[in-house]
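Here are a few short exercises to work through with the coordinates open. Try each task yourself before reading its solution.

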Amino acid sequence: MFHKLEQVEQRYAEVGNYLSDPKVISNQSEFQKLSKEYSDLTDIVEAYRGYKRLLSEIEDNKGLLNDADEELRDMAKAELQRLSEERELLEQKVKILLLPKDPNDDKNILLEIRAGTGGDEAALFVADLFRMYSRYAERQGWRVEIMSESPTGIGGFKEIVSLIEGKGVYSKLKFEGGVHRVQRVPKTETQGRIHTSAVTIAVLPEVEDVDVQVNANDLRIDTFCSSGPGGQSVNTTYSAIRITHLPTGLVVSCQDEKSQTKNKAKALKVLRARLYDKMTLEQQNELSKTRKGMVGTGDRSERIRTYNFPQGRMTDHRINLTLYRLDTVMEGDIEEVVDSLITHYQAEILKSEETLH
């Protein structure tokens, strides 16, 4: 580990020198690439330097254990105890920082929320979850844009797809994909019985043309009039777009914009993300044996979370985390869940790395 950290520190110094080179500064693409690398290495290098300072302090205090002054020896013992605890925490932090980084972590995401079993109640919960994630995004300083939606007449959605843009969006929300179950008494329920409904969430990293090549000859593009809840036509111009990717059969529709061009651009963005996701899932399936026991990011059929309204609790089944503050969770206060999932995932990766070595 120390050899690797020394190499990282050397590279950090090299990149720092390059960034002050006029030739590099004049080459914008190279400058941006090196700036990102420098930024990515900063946390590791700072943690390593802090760790080295800590080791030096430990050695200094060990030297005081043989001092003639008893009070000084006692102080050194107490300080060594504190420093050794700090050392363990810092070692863990450095190990986590050295883990291979998910290449998608810095990307924006397409968040797809779809109603599953439960009819109108599931559609209403789609709207509730969209609101929850929108509030969370607001807390993080992210931007949310609706890409496509299929509203129902009672204020819910059969499906809503949104683009969430900001720093580290995918790294925070990548574990939200899966089946979210809700248990509550629907507004339409006269007997007061609790119903169980389900909603499926997919979290797809936003991808560009360079990530996924889409051949225009592989696309069938249809135009139609936009429709509102219940299917009624809301305008008479053919501004809505439906794109079918012929090789895979994937279909994407978009009708939110009044402009056909804007709808087409949004639909292509969603299509690229779904194609990239399909390709990634196929690769993950081949590596499924090595991922056994980890928090999954791809299995859409896995029931990951339950929102129980009568008991005011939210439970994430993957990490056995239960919070008895469902009201604040639904208002977007999900930081504790997000952080717990990231910590669990990192621990699983560390375990598998240690097993391999």
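**Exercise 1. Charges over rings**

Find what lies over the face of Tyr276, and what lies over the face of Phe309, in this predicted model.

Solution. Start at Tyr276: Lys107 lies over its face, 5.1 Å from the ring centre. Then go to Phe309, where Arg184 takes up the position over the face at 4.9 Å from the ring centre. Both distances pass the test, which asks for a charge within 6 Å of the ring centre.

**Exercise 2. Classifying aromatic pairs**

Count the aromatic pairs, then classify Phe125 with Tyr307 and Phe175 with Tyr345.

Solution. With ring centres required to lie within 6.5 Å, the count is five aromatic pairs. For Phe125 and Tyr307, the centres are 5.2 Å apart and the planes meet at 65°; angles over 60 degrees count as edge-to-face, so that is the class of this pair. Next, place the partners: Phe125 is in helix H5 and Tyr307 in strand E9, 182 residues apart. Both are buried, because the relative accessibility is 0% for Phe125 and 0% for Tyr307.

Now take Phe175 and Tyr345: 4.9 Å centre to centre and 50° between the planes make this pair tilted. Phe175 sits in the loop between helix H6 and strand E4, while Tyr345 belongs to helix H9, so the pair ties together parts 170 residues apart in sequence. Phe175 is buried at 1% relative accessibility, whereas Tyr345, at 23%, is partly exposed.

Finally, look for a cluster: Phe125, Tyr307 and Phe309 form one.

**Exercise 3. The surroundings of Asn308**

Is Asn308 buried or exposed, and which polar contact joins its side chain to that of another residue?

Solution. First locate Asn308, which is in strand E9. Its relative accessibility is 7%, and buried means under 20%, so Asn308 is buried. Next, follow the side chain: a polar contact of 2.8 Å joins it to the side chain of Gln183, and it also reaches the backbone nitrogen of Gln311 at 2.9 Å. Leaving aside residues up to four places away in sequence, Asn308 touches Gln183, Arg313 and Leu326.

**Exercise 4. Checking helix H3**

What span should the 36 residues of helix H3 have, and where does H3 bend?

Solution. At 1.5 Å a residue, H3 should span 52 Å; the end C-alpha atoms are 52 Å apart, so the two agree. H3 nevertheless bends by about 35° at Thr42. Thr42 is one of its buried residues, along with others including Leu41 and Ile44. The cover over the buried residues of H3 includes helices H1, H2 and H4.

Note on methods: Residues are numbered from 1 along each chain as its sequence is written. This is a predicted model: local features need pLDDT of at least 70, side-chain atom pairs count only at pLDDT 80 or more; totals for chains, interfaces and linings use all residues. Side-chain values use heavy atoms; hydrogens and water are left out. Helices (H or I, at least four residues) and strands (E, at least two) are DSSP runs, numbered from the N terminus. Buried means under 20% relative accessible area, exposed over 50%, partly exposed in between (1.4 Å probe, protein chains only). A polar contact is a pair of N or O atoms within 3.5 Å; within protein, one must be able to donate a hydrogen and the other to accept it, and residues adjacent in sequence count only if both atoms are side-chain atoms. Contact means heavy atoms within 4.5 Å. The expected span of a helix is 1.5 Å times one less than its number of residues. The bend at a residue is the angle between axes fitted to the seven residues ending there and the seven starting there. Rings of Phe, Tyr and Trp (its six-membered ring) pair if their centres lie within 6.5 Å; planes under 30 degrees apart count as stacked, over 60 as edge-to-face and the rest as tilted. A charge sits over a ring if NZ of Lys or CZ of Arg is within 6 Å of the ring centre and within 35 degrees of the ring normal.
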